[in-house]
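Colleague: I'd like to check the reasoning behind some labels with you. Could you walk me through them?

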Amino acid sequence: MQNIVILAGNIGQNPEVRSTQSGTKITNFTLATSRPRLSEGRVMRDENGYRVMDTEWHRITCFNGLGKTVAEHCEKGMKVLVHGRIHYTKWTDATGTDRYGCEIIAEKVDFLSRPKSAENENPELVDRDDEIPF
């Protein structure tokens, strides 16, 4: 049996870091994924001819080293690829009502775009000694 999820999308807000009482670092962020809306098997279009998209939001949780890397290098709007697993939680709120939640526990996060702060860096400053001249 497997519990595997792979999501590619845009980060919805800058990652937030917190620590547990035992010192475990937890980093959270939201991820937006989109797909075209279908009607009778065909992609729906708006009045201007653009595809109508359905967006879903996912809560992503990273622990320790992965969380540190995400917190240091990711920001709102970046495109990332998240490999992880689905985790469901249940709790009782202050009124005694059972509540349920779902999150993705990330095991790997690949950066598909650079942070906005790095996009304006001079590309000539990149070390290219490993390139093979032709």
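Colleague: Why is cysteine 62 called buried or exposed, whichever applies?

Modeller: Cysteine 62 has a relative accessible area of 0%. Buried means under 20% relative accessible area, exposed over 50%, and partly exposed in between, with a 1.4 Å probe and protein chains only. Cysteine 62 is therefore buried. A word on the source: this is a predicted model, where local features need pLDDT of at least 70 and side-chain atom pairs count only at pLDDT 80 or more, while totals for chains, interfaces and linings use all residues. Residues are numbered from 1 along each chain as its sequence is written, and side-chain values use heavy atoms, leaving out hydrogens and water.

Colleague: And what makes cysteine 102 count as it does?

Modeller: Its relative accessibility is 36%, so cysteine 102 falls in the partly exposed class.

Colleague: How do you know how many disulfides there are?

Modeller: A search of the whole structure gives zero disulfides. For cysteine 62, the nearest cysteine sulfur belongs to cysteine 74 and lies 8.0 Å away. A disulfide requires a pair of cysteine sulfur atoms within 2.5 Å, so that distance does not qualify.

Colleague: What makes up the fold of the chain?

Modeller: Two helices and eight strands, in the order β-β-β-β-β-β-α-β-β-α along the sequence. These are DSSP runs numbered from the N terminus: helices are H or I with at least four residues, strands E with at least two.

Colleague: How do you know which strands β1 pairs with?

Modeller: Strands pair if DSSP finds at least two bridges between them. β1 and β7 have six bridges and are antiparallel; here leucine 7 stands opposite valine 82. β1 and β3 are also antiparallel, with two bridges, so the pair meets the cut-off. Asparagine 10 faces alanine 32 of β3.

Colleague: What makes the largest nonpolar core a core, and which residues have the most contacts inside it?

Modeller: The term covers buried Ala, Val, Leu, Ile, Met, Phe, Trp, Tyr and Cys residues joined through side-chain atoms within 4.5 Å. The largest such set has 15 residues, and Phe29, Leu31, Ile60, Val80 and Val82 have the most contacts inside it. β1 (5-11), β3 (25-36), β6 (53-63), β7 (79-92) and β8 (98-111) each contribute at least two of its residues.

Colleague: What does phenylalanine 29 touch?

Modeller: Leaving aside residues up to four places away in sequence, its contacts (heavy atoms within 4.5 Å) include Ile11, His58, Ile60, Cys62, Val80 and Val82.
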